[in-house]
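Take a first look at this chain before reading on. The paragraphs below lead from one helix to the sheet, then to the pocket.

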Amino acid sequence: MEQTLSIIKPDAVKKGVIGKIIDRFESNGLRIAAAKKVQLSEDDAKKFYEVHKERPFYKDLVEFMTSGPVVVMVLEGANAVAKNRELMGATNPKEAAAGTIRHDFAESIDANAVHGSDCLENAKNEIAFFFAKREIL
């Protein structure tokens, strides 16, 4: 049973589609093992996205991720990392397949509704960033 991290980003939280996104996960075999709504500080966002700090979009990403609350979740299920990425769709919602979260709920490549871990190793690190072991049930 794999675990992966999912973040419902500020744009989707503001739109009020948290429940619709969670339904996509649960309807497709992913279980919510942990969830909480948080407001990221600038330091939190910088640390979480540190891997991108040399990229031109880093500053805008940090600003966006601190612009409102997010919902962070641990999703659990068979092939959870790949399943979550399939459900999310392409990073650019204009390229995302119909029926994916980003196609249905994202506004742009920058405000793209959700984040998901890209591999098991990153999933473990990202989960540990947001959750203590006792919070994952």
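Which phi does Gly 29 take just after H2? Gly 29 takes a positive phi there, of about 85°. Bear in mind throughout that this is a predicted model.

Stay with H2 for a moment. The helix spans residues 18-27. Ile 21, Ile 22, Arg 24 and Phe 25 are its buried residues. Seen down the axis of H2, they fall within an arc of 150°, so they line one face of the helix. A general rule helps here: an α-helix has 3.6 residues a turn, so residues three or four places apart point the same way. On the other side of H2 sit the exposed residues Gly 19, Lys 20 and Ser 27.

Now pick out Phe 25. This residue belongs to H2. Its relative accessible area is 0%, so Phe 25 counts as buried. What does Phe 25 touch, leaving aside its neighbours within four places in sequence? The contacts are Ser 6, Leu 30, Met 73, Leu 75, Asn 84, Leu 87 and Ile 101. Ile 136 is another residue to locate from here. Phe 25 and Ile 136 are 111 residues apart in sequence, and their C-alpha atoms are 17 Å apart in space.

Turn next to the sheet. Four strands build it, and it is open. Their order is S2-S3-S1-S4, with antiparallel pairing. Strand S2 (31-38) and strand S4 (114-116) stand at the edges. Each has a single partner strand, so one side of each is left without a neighbour in the sheet. Neighbouring strands are turned by 20° against each other on average, direction ignored. As a general point, strands of a sheet pair through backbone hydrogen bonds, either parallel or antiparallel.

Follow S1, residues 2-8. How many bridges join S1 to S3? Seven bridges do, in the antiparallel sense, and S3 covers residues 70-77. Two pairs of residues help to place the strands. Thr 4 stands opposite Leu 75 in S3. Ile 8 stands opposite Val 71, also in S3. Helix H5 (residues 80-88) packs on the sheet and touches S1, S3 and S4. The direction of H5 makes about 30° with that of S1. Helix H7 (residues 120-130) packs on the sheet too, touching S1, S2, S3 and S4. The direction of H7 makes about 60° with that of S1.

S1 also pairs with S4, over three bridges in the antiparallel sense. In that pairing, Ile 7 stands opposite His 115 in S4. Is S1 largely enclosed or left open? Five of its seven residues are buried, so S1 is largely enclosed by the rest of the structure.

Two loops deserve a stop. In general, most residues other than glycine have a negative phi. Asn 79 has a positive phi of about 50°, although it is not a glycine. This residue lies in the loop between S3 and H5. Asn 79 counts as exposed, because its relative accessibility is 54%. Ala 113 also has a positive phi, near 75°, and is a residue other than glycine. Its place is the loop between helix H6 (101-105) and S4. Is Ala 113 buried or exposed? At 0% relative accessibility, Ala 113 counts as buried.

Move on to helix H4, residues 58-65. Tyr 58, Leu 61, Val 62, Phe 64 and Met 65 are buried in it. They cover an arc of only 165° around the axis, which puts them on the same side of H4. The face turned away from that buried side carries the exposed residues Lys 59, Asp 60 and Glu 63. What do the buried residues of H4 pack against? They pack against S1, helix H1 (10-15), helix H3 (42-48) and S3.

Finish at the largest pocket. Its volume is about 780 Å³. The lining holds 28 residues. Of these, Tyr 49, His 52, Phe 57, Leu 61 and His 115 lie nearest the centre. H3, H4, H5, S4 and H7 each supply at least two residues of the lining. Which element gives the most to this lining? H7 does, with four residues.

Definitions and conventions
Residues are numbered from 1 along each chain as its sequence is written. This is a predicted model: local features need pLDDT of at least 70, side-chain atom pairs count only at pLDDT 80 or more; totals for chains, interfaces and linings use all residues. Side-chain values use heavy atoms; hydrogens and water are left out. Two strands pair if DSSP finds at least two bridges between them. Axes are lines fitted to C-alpha atoms, for helices over the stretch in contact, and angles run from 0 to 180 degrees between N-to-C directions. Contact means heavy atoms within 4.5 Å. Buried means under 20% relative accessible area, exposed over 50%, partly exposed in between (1.4 Å probe, protein chains only). The arc is that of the directions from the helix axis to the C-beta atoms. On a 1 Å grid over the protein atoms alone, a cavity is a set of points where a 1.4 Å probe fits but cannot get out, and a pocket is an open set with protein on both sides within 12 Å along at least five of seven lines; lining residues have an atom within 4 Å of a point. Grid points are joined across faces, edges and corners, and a volume is the space filled by probe spheres set on the points.
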